[in-house]
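Could you walk me through this protein, piece by piece? I'd like to follow how its strands and helices fit together.

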Amino acid sequence: MRVTVEVDGEGLARVELCRGGGNAIDLAMARALLDAARECAKARARAVLLTARGRSFCVGGDLKEFATLSGERLTGHLTEVTDALHGALRILADLDAPLVVAAQGAVAGAGLGLVAAADVSLAATDGRFSAAYTAIGYTPDAGVSWSLPRLIGPRRAMDLLLTNRRVTAVEASRIGLVSRLVPPEELAEEAVRTAGALARGATAAYGVTRRLVGRALSADLDEHLDTEARHLAAAAVSAEGREGVAAFLEGRRADFTGLETGTDATVSAGSPADQPSAPTRSTGP
């Protein structure tokens, strides 16, 4: 068993890395992550929480597995690993559901990519982060060379990618690599609280917001302003928009969980999003 998936009645999908050994990513684990992402999409999760069992979140690829191969076999194997891992990242990025990642201990290589993919990233104060790729003559994967410059700027990204220096949790928070720090003993509880609150939120609005921010750095300002205006007008007449404004005017907490989660949603309770959630599952051997 390498990855577990559980979707609760509020639509919170909990994905946990549980391979042991620093949760190094071998081919089976990459495929398990892909299966987990597919499960989140199938269950129409309203928020996804990615955590890891053990002392460390994820130390990157399984070098012991890679070292057993050479030549075309190694090339083909690494292609399979990255195809699965990148497939998982693509699915999670395409969801309306926000992705919350809670990381402890060592985070390196593809583990860094998983943290950087989060919309909200929580790190234990004992966390330590390293790119690690070029230290062994490898190049980045898991979107690291795409996400790091956007999170911390090109100059800092090159520093981390070329020197492979270890970054403490405090520095990671200061430079924007993680959203906020949490004492190790409080990480699990804070992660569930944060992701649970998002699962009860305006999922369709979250999805649009994720895409707007994701495209912001490459978008023309005039075009981006027009896109914002179109989405805002659509959100105002959506089920979420109507419920949110009504709740504000009535002085109550908005209830978004009974609404259809599509971005053009106008359907109330009884939608597919309200059906019973998927049971706990394990993916990977």
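Here is a tour that starts with strands, moves on to helices, and ends with a few single residues.

Before we set off, keep in mind that this is a predicted model. Let's begin close to the start of the chain, with strand β1, which covers residues 3–7. Four of its five residues are buried, so β1 is largely enclosed by the rest of the structure. Its partner is strand β2, residues 12–17, and the two pair in the antiparallel sense over five bridges. If you want to find the pairing by eye, look for V5, which stands opposite V15 in β2. The two strands make a hairpin with four residues between them. In that hairpin, look at G11: its phi is positive, near 90 degrees.

Strand β2 has another partner too. Six bridges join β2 to β3, and here the strands run parallel. A13 is a good marker, since its bridge partner in β3 is V48. Strand β3 spans residues 47–52, and five of its six residues are buried, so this strand is also largely enclosed by the rest of the structure. So what holds strands like these together? Strands of a sheet pair through backbone hydrogen bonds, and they can do so either parallel or antiparallel.

Further along the chain there is an open sheet of three strands, in the order β5-β7-β8, with mixed pairing. The edges are β5 (106–108) and β8 (167–168), and each of these pairs on one side only. Take β5 and strand β7, residues 128–130: they pair in the parallel sense over three bridges. To spot this pairing, find A106, which stands opposite R128 in β7.

Now for the helices. Helix α1 (residues 27–42) packs with helix α3 (residues 71–94) at an angle of about 20 degrees, and their axes are 8 Å apart. What does that angle tell you? Angles under 35 degrees count as roughly parallel, and α1 and α3 are therefore roughly parallel to each other. Their crossing is left-handed. On the α1 side, the residues in the contact include L27, A30, L33, L34 and A37. Among those they meet in α3 are V81, A84, L85, A88 and I91. The residues of this contact divide into 12 nonpolar, two polar and three charged.

Let's zoom in on one member of that contact, L34, which is found in helix α1. Is L34 buried or exposed? Buried means under 20% relative accessible area, so L34, at 12%, counts as buried. Leaving out residues up to four places away in sequence, L34 touches A84, G87, A88 and I91. One of these, G87, is 53 residues away from L34 along the chain, yet the C-alpha atoms of the two are separated by 6.2 Å.

A second helix pair sits later in the sequence. Helix α9 (residues 203–216) and helix α10 (residues 221–236) pack at an angle of about 180 degrees, with axes 11 Å apart. Angles over 145 degrees count as roughly antiparallel, and that is why α9 and α10 are described as roughly antiparallel to each other. From α9, the contact is made by V208, L212 and A216, while α10 brings H224, T227, E228 and H231. Sorted by type, the residues here are three nonpolar, three polar and one charged.

While you're in α9, have a look at R211, which is found in this helix. R211 is partly exposed, with a relative accessible area of 25%. Once its neighbours within four places in sequence are set aside, R211 is in contact with D94, L95 and D96. For a sense of distance, V144 is 67 residues from R211 in sequence and 18 Å from it in space, C-alpha to C-alpha.

Two last stops are loop residues. A142 lies in the loop between β7 and α5. Its phi is near 55 degrees, a positive value in a residue other than glycine. At 4% relative accessibility, A142 counts as buried. The other is N164, in the loop between α6 (154–163) and β8. N164 has a positive phi of about 60 degrees although it isn't a glycine. With 15% relative accessibility, N164 counts as buried.

Technical notes:
Residues numbered from 1 in each chain as written. Predicted model: local features only at pLDDT ≥ 70, side-chain atom pairs only at ≥ 80, totals over all residues. Heavy atoms only, no water. Axes fitted to C-alpha atoms, helices over the stretch in contact; angles between N-to-C directions. Parallel < 35°, antiparallel > 145°, perpendicular 65-115°, else oblique. Left-handed = near helix turned anticlockwise from the far one by under 90°. Contact = heavy atoms within 4.5 Å. Nonpolar A, V, L, I, M, F, W, Y, C, P; charged D, E, K, R; others polar. Buried < 20%, exposed > 50% of the residue type's maximum accessible area, 1.4 Å probe, protein only. Pairing = 2+ DSSP bridges.
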